[in-house]
Structure formats: C-alpha cells, structure tokens
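Open the model in your viewer and keep the selection tool at hand. The tour makes a few short stops.

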Amino acid sequence: MRAQSSATATTPIAVTAPAADRRGFGTAQAALGVLAFSLTFPATAWGLEGFGPWSLVAVRSVLAAVVAGGCLLALRVPLPERRHLAGLAVVAAGVVFGFPLLTTLALQTSTTAHAAVVVGLLPLTTAVCSALRTGHRPARRFWAAALAGAAAVVAFTVGQSGGALTLADGYLFGALLVCAAGYTEGGRLARVMPGWQVIGWALVLCLPLSVPATALALSYEPVRLTAHGVTGLLWVALGSQFLGLVVWYRGMAAIGIPKASQLQLAQPLLTLVWSALLLGENLTAAAPLTAVAVLVCIAVTQRS
C-alpha cells in the first residue's frame, strides 16, 4: 500500500514536467523571435540607406526564399498539402509582403522609435485575430491588460503626431492588421507542420511575384551599396524574415497564439534601445515611458 501511494504521488510530476518543459522551451523560442524582430526597424533604416523601399522589400523576400528553398530541398521536405495552401497564402500576404512593405514605406518619414511604439499594438491585434479565427477566448484579465497596453500606444501615437495621425501612422496601422493575420495563420499551421516549413513554403510560394518585382524595382530605384545598406538588407532577409519567424512560429505553436503574442509587447522597448545604439536617435521621454507601460502588461497577460 505504501509503495502504491508513493507511485501515485510521483505520477503528476512525471506527467506535468514534460508539458512544463515544452511551455518553457516554447516561451524561450517566442522570446528569441521577439529579439530578432526588435532589430527589424533599425535594420530597415540601414537598408534604406542603400536601397529604395520597393527594392528593399522585394530583394529581402527573394534572399530569404532562396535560403528557405535550399533548406527545403536539402531535407527533401514534401510539398505542403493542398488544404494548407490557403493558410500559407495568408502568411505570405501578411508577413512576407504586407508587413515589410508597409513598415518600410512608413520608415521613410517616421523614426524607428515612433514606429516601434505604434507596433506595440501588434499583440492586441494578433490576439483579436486569433480569437476570431480559432474561437479561443482568453480570460477577461488578459483582455484588460492587452487593452491597457494598446491604449498607451494609441495615446503615444496621437501625442507624437500633434493630435492627428500621419500617413506613416496609416501605413503602420495597416501593417498591424496584415501581420496579425499572418501570425495567426502561421501559428495555426505550426501545430501541424514545423514552424520553419511554414515560413519556408510561404517564402517559396512568393517567388513568382518577388522575382519579377525585384527586377522591376531595381530597374527604377537607384542602388547604393554601403556597409549599412548591405548589413540591413541581410538582417531583414535572413534574421527577421526567416530565422526570426522560424522560432516565432514554433513558440506560438507551443504556448498558444494569444500568450505568445503578448511577449511582443517587449519589442518596442528593445527597438528603442537599438534605435539609440545603432542609429543615434534622440528619444523623447514619452517613448521609453510608453514602452515600459506596455511592458508591464506582459506580466499580467502571461499570468492570465
């Protein structure tokens, strides 16, 4: 009887420990994705020093697709099932073309610090998109914290724009919508196929569009090869567009789309640091204060 009691007492540990390990590993992967994404805007600003906005977006897509396609071929990954093609198309439209293009256009007239704080709304838009797409309903405390973070971002945006939204803000808000859809669909697909294959196939499916777009953009926009320009291009293509999304989708599949999306509330604060260190931007007091305010919301959402 004593042996039976001992075995019973240890059973929950054996059952729950692997699940806890998976959640911890998933959170770590999602956090790595956020770290990679936090460098996207500074890298884009560098890339715009050598490339036009359309050229930068098109070339980054082609470079990332070449790397992803090479990995798919080397590992002899079979073609995705027909039922997954619509989801991959949403991922491609949202995170391969839509978000990079709209944020790049915004960064022509907006600072990376301002853009980073506006994109702090992405966790909320992703959570809403996920709830509509999957039927998952997070707790009320989750929504309260997410809305509080969103309110702080909106107040910052309006205040920095002199009480009115600019064209750059319009681009950024549009980027939030398409990226949230791409994140949600990618996180859903990452439950049935490895995360790197989700973004890999999305990139490859875009090649019939990205290759001619690259040729057209490069023929119209002048290119000036500089160290900053090339470094920025390589990072947004390989770091943000491919490797960052690989770990991001794996993390979302492990811990859930709404919870993973709230980790991205830390991204504005990280981008502010990179903007100051890499670009030498002067930050107003409102930027770090707003970033810290939304960062506090992470602790609440992660406990909901």
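Which exposed residues does the face of H10 turned away from its buried side carry? Select Pro208, Ala215, Leu216, Ser219 and Tyr220. Exposed means over 50% relative accessible area, buried under 20%, and partly exposed in between (1.4 Å probe, protein chains only). Helices are DSSP runs (H or I, at least four residues), numbered from the N terminus.

This is a predicted model: local features need pLDDT of at least 70, side-chain atom pairs count only at pLDDT 80 or more, and totals for chains, interfaces and linings use all residues. Residues are numbered from 1 along each chain as its sequence is written, and side-chain values use heavy atoms, leaving out hydrogens and water.

Now turn H10 over. Its buried residues are Ser210, Thr214 and Ala217. They sit on the same side of H10, because they cover an arc of only 80° around the axis (taken from the directions from the helix axis to the C-beta atoms). An α-helix has 3.6 residues a turn, so residues three or four places apart point the same way.

Next, show helix H3 (53–74) and helix H4 (85–106). The buried residues of H10 pack against both; contact means heavy atoms within 4.5 Å.

Move on to Val223, in the loop between H10 and helix H11 (227–255). Val223 is partly exposed, with a relative accessible area of 40%.

Last stop: Cys129, in helix H6 (residues 122–134). At 22% relative accessibility, Cys129 is partly exposed. Select Ala180, Ala181 and Thr184 as well: Cys129 touches them, not counting residues up to four places away in sequence. Cys129 and Ala181 are 52 residues apart in sequence, yet 6.3 Å apart in space, C-alpha to C-alpha.

Key. Helix = DSSP H or I, 4+ residues; strand = E, 2+ residues; numbered from the N terminus.
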